[in-house]
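The report below walks through a single protein chain, beginning with one residue and its contacts and widening from there to the helices, the nonpolar core and the chain as a whole.

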Amino acid sequence: MEPVLSAQSQSYYAILGVSPWASPIEVRRAYRELSKRYHPDTTHLPVAIAQEKFHVLNQAYATLSNPEKRKLYDLNHGYSRVSVMQVPSTVRNQRSSNPSFSSRSAYLDPSDRPLSSGELFAVLLLGATFVGCLLLVTLIGLSNGEITF
């Protein structure tokens, strides 16, 4: 994905071509790659365009490389520095209009979900292996005379 280098309506993350949860190392790598591409001395673009793009790139990197500035930028532009599960707006509207609204889902925790078919198959294989091992131990015990009924 080619990052867009314009100051109008572009976030600093889009300018650098990184996600809002990118690490400082990822931000630095993206900046270094783009600075080589858009530096006025090393690009084939006209000097005025290259200088403008390089200036925008430097602004984005100066903000996102500084932890305090990045935190303030994220706060002002609606980026969350904490991964939080948001309640869908339809559920939020139902709850506000109907105080006795309760979730129709039995799974309140997103990690509490039914097992997939692959997971069920793995559990079945583990169970069959366990039962097979018990039968094998019993047969060996019977053949050696260590177990009597």
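Not counting residues up to four places away in sequence, S11 touches Y73 and Y79 in this predicted model. S11 is found in the segment before α1, and it counts as buried because its relative accessibility is 16%, where the cut-off for buried is under 20% relative accessible area.

Y12, by contrast with that segment, lies in helix α1. Leaving aside neighbours within four places in sequence, Y12 is in contact with Q59, A60, T63, L64 and Y73. Y73 is thus listed among the contacts of Y12 and also among those of S11. The C-alpha atoms of Y12 and N58 are separated by 10.0 Å, although these two residues stand 46 residues apart along the chain.

**Contacts beyond four places in sequence**

| Residue | Residues in contact (heavy atoms within 4.5 Å) |
|---|---|
| S11 | Y73, Y79 |
| Y12 | Q59, A60, T63, L64, Y73 |
| V27 | L16, V18, A22, Y61, L64, R70 |
| G141 | E146, I147 |

How do α3 and helix α4 cross, and how close do their axes come? The axes of α3 and α4, the latter covering residues 67-77, come within 5 Å and cross at roughly 100°, which means that α3 is roughly perpendicular to α4. On the α3 side the meeting residues are A62, T63, L64 and S65, and on the α4 side they are P67, K69, R70 and Y73. Sorted by class, this contact of α3 with α4 has four nonpolar, two polar and two charged residues.

The largest nonpolar core has 18 residues, of which L16, V18, V27, L57 and L64 touch the most other members. At least two residues of this core are supplied by each of α1 (12-16), α2 (24-38) and α3 (47-65), and the largest share, six residues, comes from α3. In soluble globular proteins, nonpolar side chains tend to be buried together. V27, one of the core residues that touch the most other members, is in contact with L16, V18, A22, Y61, L64 and R70 once its neighbours within four places in sequence are left aside. Among these partners, L64 and R70 also take part in the meeting of α3 with α4, and L64 is in addition one of the contacts of Y12.

Towards the other end of the numbering, G141 is found in helix α6, which covers residues 117-144. Is G141 buried or exposed? G141 is buried, because its relative accessible area is 5%. Leaving out residues up to four places away in sequence, G141 touches E146 and I147.

For the chain as a whole, there are six helices and zero strands, so that, as the definition of these elements is applied from the N terminus on, the order reads α-α-α-α-α-α. Of the 149 residues of the protein chain, 19% count as buried. The exposed area is about 11600 Å², and carbon and sulfur atoms supply 61% of it. Among contacts between residues at least 6 apart in sequence, 44% join residues at least 24 apart.

Conventions. Residues numbered from 1 in each chain as written. Predicted model: local features only at pLDDT ≥ 70, side-chain atom pairs only at ≥ 80, totals over all residues. Heavy atoms only, no water. Core = buried A, V, L, I, M, F, W, Y, C linked by side-chain atoms within 4.5 Å. Buried < 20%, exposed > 50% of the residue type's maximum accessible area, 1.4 Å probe, protein only. Helix = DSSP H or I, 4+ residues; strand = E, 2+ residues; numbered from the N terminus. Axes fitted to C-alpha atoms, helices over the stretch in contact; angles between N-to-C directions. Parallel < 35°, antiparallel > 145°, perpendicular 65-115°, else oblique. Nonpolar A, V, L, I, M, F, W, Y, C, P; charged D, E, K, R; others polar. Areas by Shrake-Rupley, 256 points an atom, 1.4 Å probe, with all protein chains shown as cover.
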